[in-house]
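Visitor: I would like to walk through this structure with someone who can explain how its parts are held together. Could we begin with the model itself?

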Amino acid sequence: MSNPPSKDLRDGGCCTSSKSNLAIVMEQALITPCPDVVATVVHLTYPPGDVGSDPHTHPGPVVGYVLEGEFLFQVNEGPPRVLKAGEAFHEKDGDVHVWSANGSNSTTCKVVATVWGRPGEPLLTYVEGYPRVSREKALEVAVRGK
């Protein structure tokens, strides 16, 4: 499946799978030393077994929290991790978000994340050709827990 190079999540849908659901919870301009910075809070729901999105970047850092289920998460060449409800994650500016998927085949996963960027920038830009193993292999080798 080929994805466009950029996707504005405000258009709905964010993931390779049409079963995934994203809702922007809040978008707020920030008072910072840098002009024109916004924080966008998103709520992601991944059905059981959902593969989530292809490798991508965000316009700035991301901080997230797993609300429910198990979240398959990987950035750059780091190891895949399975985070459980109550665990948090972050991505630095410029990180390639390799895995963002459900870590379970039997339960739903829900995540809330805050993405920092500039007004009007896409919240997600696909990185064509970035290597990654299958979801099954990522789950097999994943670090579990904190």
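Guide: Before we start, one term is needed: two residues are in contact when heavy atoms of theirs lie within 4.5 Å. Please also keep in mind that this is a predicted model.

Visitor: With that cut-off in hand, which residues does Phe73 touch, once its neighbours within four places in sequence are left aside?

Guide: Phe73 belongs to the residues with the most contacts inside the largest nonpolar core, a group that also includes Tyr46 and Val111. Beyond its neighbours within four places in sequence, the residues in contact with Phe73 are Pro79, Pro80, Arg81, Leu83, Phe89, His90, Glu91, His97 and Trp99.

Visitor: Which strand gives the most to this largest core?

Guide: The core has 15 residues, and strand 3 (37–46), strand 5 (62–68), strand 6 (70–75) and strand 10 (109–117) each supply at least two of them. With four residues, the strand that gives the most is strand 10.

Visitor: How many bridges join strand 10 to strand 3, and in which sense do the two run?

Guide: Strand 10 pairs with strand 5 through six bridges, in an antiparallel arrangement, and there Val62 has Val115 as its bridge partner. Towards strand 3, one of the bridges sets His43 against Val112. Strand 3 and strand 10 run antiparallel, and the number of bridges joining them is nine.

Visitor: Which residue of strand 9 stands opposite Leu72?

Guide: Strand 9 (residues 97–102) is mostly covered, with six of its six residues buried. Strand 6 and strand 9 pair in the antiparallel sense over five bridges. Opposite Leu72, in strand 9, stands Ala101.

Visitor: Turning to charged side chains, which residue forms a salt bridge with Asp54?

Guide: Side chains of opposite charge can pair when their charged atoms come close. Asp54 lies in the loop between strand 3 and strand 4 (56–57), and its partner lies in the loop between strand 11 (124–126) and helix 1 (135–141), 78 residues apart from it. The closest N and O atoms of the pair are 3.5 Å apart, and the partner is Arg132.

Visitor: Why does Asp54 count as buried, and how is Arg132 classed?

Guide: A residue is buried under 20% relative accessible area and exposed over 50%, with partly exposed in between. Asp54 has a relative accessibility of 18%, so it counts as buried. Arg132 has a relative accessible area of 29% and is therefore partly exposed.

Visitor: How far apart are the closest N and O atoms in the salt bridge between Glu70 and Lys84?

Guide: This pair also links distant parts of the chain, since Glu70 is in strand 6 and Lys84 in strand 7, 14 residues apart. Glu70 is buried, with a relative accessible area of 19%, whereas Lys84 is partly exposed at 40%. The closest N and O atoms of Glu70 and Lys84 are separated by 2.8 Å.

Visitor: Is Glu140, which meets Lys137 in a salt bridge, buried or exposed?

Guide: Glu140 and Lys137 both lie in helix 1, three residues apart, about one turn of the helix, and their side chains meet at 3.3 Å, N to O. Lys137 has a relative accessible area of 36% and is partly exposed. Glu140 has a relative accessibility of 60%, and therefore counts as exposed.

Definitions and conventions: Residues are numbered from 1 along each chain as its sequence is written. This is a predicted model: local features need pLDDT of at least 70, side-chain atom pairs count only at pLDDT 80 or more; totals for chains, interfaces and linings use all residues. Side-chain values use heavy atoms; hydrogens and water are left out. A nonpolar core is a set of buried Ala, Val, Leu, Ile, Met, Phe, Trp, Tyr and Cys residues joined through side-chain atoms within 4.5 Å. Buried means under 20% relative accessible area, exposed over 50%, partly exposed in between (1.4 Å probe, protein chains only). Two strands pair if DSSP finds at least two bridges between them. A salt bridge is a side-chain nitrogen of Lys or Arg within 4 Å of a carboxyl oxygen of Asp or Glu.
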